[in-house]
Amino acid sequence: MLREAIFPGVTEKAQKGNTCRDSDDGAVTSDEELREGDDDIGAQDSQQRSNDRDLKDQLLRKFGSHISSLKHEFSKKKKKGKLPREARQALLDWWNVHYKWPYPTEADKIALAEETGLDQKQINNWFINQRKRHWKPSENMPFAMMDDSSETFFTEE
C-alpha cells in the first residue's frame, strides 16, 4: 500500500512482516534499511515544513501591513446590528403614514435613502422584515384598494 508506493518492488509477502524484501535489482533489502529510508522521508518532510515556515515569514514581513488593512476592511463589512436610531425613526414614520399599503415606490426608497444615509438594499430589507413581523393585511384588502381607486367609476343609486 503506502510502503509499496514509496518502495516499489516490495512484495506482498514482505508487507506481511518478512524481515527481508526483494528490490527491483534482485538485491535483498533489510527492515533496517527500510527504516533508514523512512528517516530520510521524515527529514525531507521536516525540511519542507521548515521551508514553508520561512516562506510564510517572508510573505508576512513583505505583505503584513496589507493583510492587516484587508482584515480591517473585511471586518467593517461584516458588521451587523441595528440601524441608527434616526434612520429607524424616519422609516417608522413612513411606515405609520403608509400602514395600509407599506410598499414604498422606487422614488420613496431613493428619498428615504437620502434622508437616512442608508443603502437602498438596507431600506428594502427593513421594509421586508417590517412587513413580515408587524403587518397583517386585512382579508378584504384588495377590495379596499379597489374601492379607493374606483369611487369615480361607480355611482350609488
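These are my notebook entries on aromatic pairs and one helix in a predicted model.

**Entry one: aromatic rings**

I started by looking for ring pairs across the whole structure, and the search gave seven aromatic pairs. I picked out W95 and W126: their ring centres are 6.4 Å apart and their planes stand at 90°, so I noted the pair as edge-to-face. I then checked where the two residues sit in the chain. W95 belongs to helix α4 (residues 85-97) and W126 to helix α6 (residues 120-134), so many as 31 residues apart, and the pair links distant parts of the chain.

Are these two tryptophans buried or exposed? W95 is buried, at a relative accessible area of 4%, and W126 also counts as buried, at 13%.

Next I followed W126 to F127. Their ring centres lie 5.0 Å apart with planes at 90°, so this pair is edge-to-face too. Both W126 and F127 are buried. I was pleased to find that ring pairs join W94, W95, Y99, W126 and F127 into a cluster.

**Entry two: helix α5**

Which residues of helix α5 (residues 106-116) are buried? I listed K109, L112, A113 and T116. They span an arc of only 105° around the axis, which means that they lie on the same side of α5. I looked at what covers these buried residues, and α4 and α6 are included; those are the helices that hold W95 and W126.

Then I turned to the face of α5 pointing away from the buried side, where I found the exposed residues A107, E114 and E115. Last, I looked just past the end of α5: G117 there has a positive phi of about 80°.

Terms used
Residues numbered from 1 in each chain as written. Predicted model: local features only at pLDDT ≥ 70, side-chain atom pairs only at ≥ 80, totals over all residues. Heavy atoms only, no water. Phe/Tyr/Trp six-rings, centres within 6.5 Å; stacked < 30°, edge-to-face > 60°. Helix = DSSP H or I, 4+ residues; strand = E, 2+ residues; numbered from the N terminus. Buried < 20%, exposed > 50% of the residue type's maximum accessible area, 1.4 Å probe, protein only. Arc of directions from axis to C-beta. Contact = heavy atoms within 4.5 Å.
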